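Trainee: I have this model open on my screen and would like to understand one part of it properly. Could you take me through a single helix and its surroundings, and then show me how that fits with the rest of the chain?

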Amino acid sequence: MNYDVIVIGSGPGGYVTAIRASQLGMKTAIVERESLGGICLNWGCIPTKALIKSAQVFEYINHAAEYGIEAAEPKADFAAIVKRSRGVADGMSKGIQFLMKKNKIDVIMGTGKVKPGQKVEVKGNDGTQQELTGKHIIIATGGRSRELPNLKQDGKKVIGYRQAMVLPEQPKSMVVVGSGAIGVEFAYFYATLGTKVTIVEFMENIVPVEDEEVSKQLLRSLKKSGIEIMTSSSVESVDTSGTGCKVQVKTATGMQTLECDIVLSAAGVVANIENIGLEETGIKTDKGKVVVDEFYNTTVKGYYAIGDIVGGQALAHVASAEGITCVEKIAGLHVDPIDYNNIPGCTYCSPEIASVGYTEKAAKAAGYELKIGKFPFSVSGKASAAGAKDGFVKLIFDAKYGELLGAHMIGANVTEMIAEIVVARKLETTGHEMIKAIHPHPTMSEAIMEAAAAAYGEVIHL
């Protein structure tokens, strides 16, 4: 079983890598221990967005009168919502199976382990074992829910994101620990369906990686929707001995006890690097991540690593881009290293968040003199017509050269708008060029042009 490329893991990093390798004429195999598509497709990005869509539809119906429509009182069928989400994920997984066949990639089901001498040992779920040899071995084993020392997950009362997608029944109350993308997305989903949700965040602001103005806007929006939020707070312990959970929360004013049915631990992800042969093969790790160079070579020649197991943002589209960069370099193509300061981040709560580049705080810390333009959706014609006036677009420019340093959006459908900014930054577009790039009316995207104009004192509708 000799290959040019062997990929371990079939998430959005692994399967994309395998397809690109095959396109470049390399004999390719992919090793997967569970389901094609990995966590993102089966237990992450895709099924969570299906759940959120159901919540949005429910929310629309509940507010139908605001649009001049009479509707009977709706009822959310939690089991049916979960079933639809699983169906969406299953359909996407079948699509990956088709792509593997189309690109003549050998799919080997089992747990992969790298070995010295360009080898991969695969142990099947039935106990069978086989050994593969590859000129280039790419490790893309992804990540899993981070388990905090004082918040052990039992999968029933204290759960991670995976269990949160398939609970047998909707909880009446839930405490969400962590307010990153995973935390606020699930908080929005459950709260919209009627669960009493409390978010506990250790940092001063929710969604702490975002620009502070975005964090404050989301805080207002989530509170308006009935979600309770505790910042600068930490969960010290959880007592699950009774019928529900008693959560001890340390706040600036002292200890508080929260009672709930379910505690969702959403404190990020940890890399899957254990028991995959790294130590035996001599591949170095640092702080729980595999050490790689700018083209994803590990410290051992012929072995590479991409995605959540290396440094950088733990995002599906980052893993895909890293995999493509890696195999194109292997194939001898001219490729540039990825610019990690031009990676968009999206959060799919309501309102949505999308951002790329420097926050205002980071840009100031980097020594830039700034021009900042902000345009609120409250004065957008399309947002008013859609009944989605919460939020804004904020653009940050270098005052000296007009370089677009960062963009931060919060509002309806902004995750569909951020790509314009990514392309603009890739092409080194200036603020004045963005102002003169005519945007269609009426659209939410007009806010980008208006925010650029606001930075230069040329805004029309504000």
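Mentor: Happy to; we will start with helix α1 and then step outwards to a loop, a helix pair and the whole chain. Do keep in mind that this is a predicted model.

Helix α1 covers residues 14-23, and 8 of its 10 residues are buried, so the rest of the structure largely encloses this helix. The cut-off behind that reasoning is a relative accessible area under 20%. On your screen, you can pick out the buried residues as Gly14, Tyr15, Val16, Thr17, Ala18, Ile19, Ala21 and Ser22. What lies over them? The cover includes three strands and two helices: β1 (2-8), β2 (28-32) and β6 (129-139), together with α4 (78-102) and α9 (316-330). After α1 comes glycine 25, which has a positive phi, near 90°.

Now move along to a loop. Asparagine 272 sits between β16 (269-271) and α8 (278-281). Although it belongs to a loop, asparagine 272 counts as buried, because its relative accessibility is 11%. Leaving aside residues up to four places away in sequence, asparagine 272 touches Arg33, Thr141, Gly142, Gly143, Arg144 and Ile309. Lysine 289 is 17 residues from asparagine 272 in sequence, and their C-alpha atoms are 8.9 Å apart.

For a look at how two helices meet, try α3 (residues 45-62) and α6 (residues 181-192), which pack at about 40° with their axes 9 Å apart. That angle makes α3 oblique to α6, and the crossing is left-handed. On the α3 side, the contact is made by Thr48, Lys49, Leu51, Ile52, Ala55, Gln56, Phe58 and Glu59, while α6 brings Glu185, Phe186, Tyr188, Phe189 and Thr192. Sorted by class, the contact has 7 nonpolar, 3 polar and 3 charged residues.

Finally, zoom out to the full chain. The protein chain contains 14 helices and 24 strands. Its radius of gyration is 23 Å, close to the 23 Å that the globule rule gives for 462 residues, so the chain is as compact as a globular protein of that length. Along the principal axes, the C-alpha atoms fill a box of roughly 65 × 60 × 45 Å. Of the 462 residues, 50% count as buried. Among contacts with a separation of 6 or more, 62% come from residues 24 or more positions apart.

Methods:
Residues numbered from 1 in each chain as written. Predicted model: local features only at pLDDT ≥ 70, side-chain atom pairs only at ≥ 80, totals over all residues. Heavy atoms only, no water. Axes fitted to C-alpha atoms, helices over the stretch in contact; angles between N-to-C directions. Helix = DSSP H or I, 4+ residues; strand = E, 2+ residues; numbered from the N terminus. Parallel < 35°, antiparallel > 145°, perpendicular 65-115°, else oblique. Left-handed = near helix turned anticlockwise from the far one by under 90°. Contact = heavy atoms within 4.5 Å. Nonpolar A, V, L, I, M, F, W, Y, C, P; charged D, E, K, R; others polar. Rg over C-alpha atoms; globule rule 2.2 N^0.38 Å. Buried < 20%, exposed > 50% of the residue type's maximum accessible area, 1.4 Å probe, protein only.
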